[in-house]
Amino acid sequence: MTGTVMEIRDLHLRFPMGRSPADYVTGRPGRVVNALNGVSLDLIRGETLGVVGESGCGKSTLARCIVRLYTPSEGEIRFDGQDVFGTEQRADRAYNRRVQMMFQDPYSSLNPRMTTGQILAEALSVHKMRPDAKIPARVAELLELVRLSQDAQHKLPHEFSGGQRQRIAIARALAVEPEVLIADELVSALDVSVQAQVVNLLLELQETLDLTILFVAHDLRLVRHVSNRVAVIYLGRIVEVGDSETLFSAPAHPYSQALLSAAPSLNPDERGKAVKLEGELPSPLNMPSGCPFHVRCRHATETCKTTLPVLLPFKGRGEVACHHVEEINANA
Amino acid sequence: MDENTPILQVDGLNTTFHRNGRALPALRDVSFSVARGEVLGLVGESGSGKSVTLRSIIGLARRYGDVTGQVRWQGRDLVEMADRALRQIQGREIAMIFQEPMTSLNPLLTVGLQLEETLRAHTDLPRAARRDRAIEMLDLVGIPSAAQRLKDYPHQFSGGMRQRVMIAIALAANPKLLLADEPTTALDVTIQAQILDLILRLAQDMDMGVLLVTHDLGVVAQTCDNVAVMYAGRIVEQGLVRDVLREPRHPYTVGLMRSVPENLPPRTPLYSVPGVPPGLDALPPGCAFAPRCTSCIAPCSQDRPALSLITEGRQVACFNPVTKSQGNAA
Ligand SMILES: Nc1ncnc2c1ncn2[C@@H]1O[C@H](COP(=O)(O)OP(=O)(O)O)[C@@H](O)[C@H]1O
Ligand SMILES: Nc1ncnc2c1ncn2[C@@H]1O[C@H](COP(=O)(O)OP(=O)(O)O)[C@@H](O)[C@H]1O
Ligand code: SF4
Ligand code: SF4
Ligand SMILES: [Mg+2]
Ligand SMILES: [Mg+2]
């Protein structure tokens, strides 16, 4: 692992909701969904960085910003030192090739009328990866890489099982020889056994091809297993980031503590040990003031209601955004 | 009635669908029982027959398939029961909740109206009492400002809140049995924990039996008293949750447990049961798990192992069950 491959700095993304008739009558401005509220994150070459958080916290929005499907309202993403949203870089197709995304539902991302062979050949020719004559050989190589048989070339996406379709999605991403893979809920819809096969393949390819992976998933056990580092997101902000094993075995932020303890353990003797989290995620339409977690946090004080905590190094084990992290973890 | 007297007893349940002139044996010889206040977990990969089991119990599967065997309920057999009589039991004595509440809630009716509808159909409560009961139910499932929310429509609730509304409606008529089909699969772990807590509490307070379908062994570990593991339409192992999870005996249960990424060195290869489950139109002649089984012995590919008691409280359908030492070494 050598150095930072991507720097994400203070990323904000607000989705305008448009004005409702009531807004026009009262002269209220249109409302906005604050999907990302200042996300800063480094991606280190060769690592797997896990991203967890409840649905709606902004995981997919972050992933989509990284591959430039969304343009942030504020902040920047630097890749190899270049701002990827800068005017010159915008036109630069190389970034699109070097950073590839894979989605949960390949049905919506794989053209249902194209055979696997055509899908892979298209990816190769769009990015001019091979002269036309060499494309068939590369397609065969890619199928081998993701352990699909050669006759898969002639089949349509619907002829495959869920796990096989994810292999096709991986092959298509790898076709253009990327450096960074963004996996947004890649295996979430699969049965554990199939999930295991796809994850094993991904980890193995990561080693052989020297890939950096951003692994977004809501399955905490799986994220813990595959990640070197993990970022916990709450309402569009990172509340804790650090080494995966440390974070999972001893989360420091009150939200990480509650979230991780809610994952049901395989051990029946651990019943009732979860830190109960009352209420649900507040709406990103109505961001709470101060610490976004204060409405659900059992440690919240007056300061928490008014002042936004920033992400700061904590005990040399990553960073935490909480005013009271020291006291909360005093006897940990 | 004695604590352990089953309220539901399923005996030799078979469900067969037909497609293109071929018979698809979706369920074969499924037997289990649920006692008052008991939570029985039903686990297995997708397609193993969990949903069909629930649908066969409640009389939905017979609309599009052949259901035989016995489902004993309050001294009667639901399999034989006429549709009219069955409808009296559905929703009143036996309630069912599904994975996606939006498909079973009517988007055009307020939540209050839907609760009232259920109460009118399934209880003798007068109008005013129905409203009170509706508020009480929303309150019970943890929906804040219940009285005000009666006039809200399903889309005005978040996913977790909608699932609570579903549970409130399902439980409004005080059922004796709840059939819950992956009620938390689409929810975040935090909300899942709240909903499972709620189901557990209600099972205890209302002395209600629960048949909980899930594919998450963690959910089983944290919620169920007993567990039945399904494979290709049959129950292959059944017993107390604590015992089965600590010492699984069927090779398939062992495989399922091993593929959960828990207590493993980080970033090491995950275990995966080799191969894929057989299609219903191509079930192997002997044990359906034989082509994927690492413990397979000669009789496995010819004869079908019957579910039988191998130790106190544990039933396994296998000619060569895994022993404790093997299980640990594996
Ligand atoms: N295209 C969009 N338009 C408006 N709101 C959006 C859009 N995409 C996401 N959102 C909102 O932004 C928030 C974050 O969503 P998302 O990134 O999808 O969360 P996650 O992937 O963590 O579940 C949510 O409130 C979601 O409703
Ligand atoms: N109406 C139907 N017609 C034909 N096959 C069906 C029907 N419903 C379910 N099946 C089949 O029965 C098997 C069990 O399905 P199901 O009970 O839904 O599995 P799960 O364990 O995932 O809930 C599957 O092979 C499924 O394809
Ligand atoms: S800053 Fe305050 S409210 Fe926020 S997590 Fe820390 S203690 Fe809780
Ligand atoms: S009966 Fe034979 S093939 Fe089937 S699970 Fe047991 S050992 Fe494996
Ligand atoms: Mg998402
Ligand atoms: Mg099902």
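This report describes salt bridges and the surroundings of ligand 2 in a predicted model.

**Salt bridges**

Over all chains, the count comes to 31 salt bridges. The table lists three of them, with the distance between the closest N and O atoms.

| Acidic residue | Basic residue | Closest N and O atoms |
|---|---|---|
| A:E204 | A:R147 | 2.6 Å |
| A:E245 | A:R224 | 3.1 Å |
| B:D207 | B:R36 | 3.5 Å |

In the pair formed by A:E204 and A:R147, the glutamate A:E204 belongs to helix 9 (residues 192–209) of chain A, while A:R147 sits in the loop between helix 7 (135–145) and helix 8 (162–175) of chain A; the pair therefore ties together parts that are 57 residues apart in sequence. A:E204 is partly exposed, its relative accessible area being 39%. A:R147 is also partly exposed, with a value of 49%.

The salt bridge between A:E245 and A:R224 links distant parts of the chain, running from helix 11 (residues 244–249) of chain A to helix 10 (residues 220–226) of chain A, 21 residues apart. A:E245 has a relative accessibility of 29% and counts as partly exposed. For A:R224 the relative accessibility is 29%, which again counts as partly exposed.

In chain B, B:D207 pairs with B:R36. B:D207 is in the loop between helix 8 (189–205) and strand 8 (209–213) of chain B, and B:R36 is in the loop between strand 2 (22–35) and strand 3 (39–43) of chain B, so this salt bridge ties together parts that are 171 residues apart in sequence. The relative accessible area of B:D207 is 29%, making this residue partly exposed. B:R36, at 25% relative accessibility, counts as partly exposed.

Salt bridges that share partners also join four residues of chain A, namely A:R45, A:D80, A:R98 and A:E179, into one network.

**Surroundings of ligand 2**

Ligand 2 is surrounded by 13 residues, of which B:G47, B:G49, B:K50, B:S51 and B:V52 are the closest. By class, this shell holds 5 nonpolar, 5 polar and 3 charged residues. Strand 1 (6–19) and helix 1 (50–57) of chain B each contribute at least two residues to the shell. The largest share, 3 residues, comes from helix 1 of chain B.

Oxygen atoms of ligand 2 lie within reach of both backbone and side-chain atoms. A backbone N or O atom of B:G47 is 2.7 Å from an oxygen atom of ligand 2. B:G49 places a polar backbone atom 3.0 Å from an oxygen atom of the ligand. From B:S51, a polar side-chain atom lies 2.8 Å from an oxygen atom of ligand 2. Of the 560 Å² of accessible area that ligand 2 has on its own, the protein covers 68%.

Notes
Residues are numbered from 1 along each chain as its sequence is written. Chains are lettered from A and ligands numbered from 1 in the order in which they are written. This is a predicted model: local features need pLDDT of at least 70, side-chain atom pairs count only at pLDDT 80 or more; totals for chains, interfaces and linings use all residues. Side-chain values use heavy atoms; hydrogens and water are left out. A salt bridge is a side-chain nitrogen of Lys or Arg within 4 Å of a carboxyl oxygen of Asp or Glu. Helices (H or I, at least four residues) and strands (E, at least two) are DSSP runs, numbered from the N terminus. Buried means under 20% relative accessible area, exposed over 50%, partly exposed in between (1.4 Å probe, protein chains only). A residue is near a molecule or strand if one of its heavy atoms lies within 4 Å of it. A polar contact is a pair of N or O atoms within 3.5 Å; within protein, one must be able to donate a hydrogen and the other to accept it, and residues adjacent in sequence count only if both atoms are side-chain atoms. Accessible areas come from the Shrake-Rupley method with a 1.4 Å probe; for residues, only the protein chains shown count as cover. Ala, Val, Leu, Ile, Met, Phe, Trp, Tyr, Cys and Pro count as nonpolar, Asp, Glu, Lys and Arg as charged, and the others, Gly among them, as polar.
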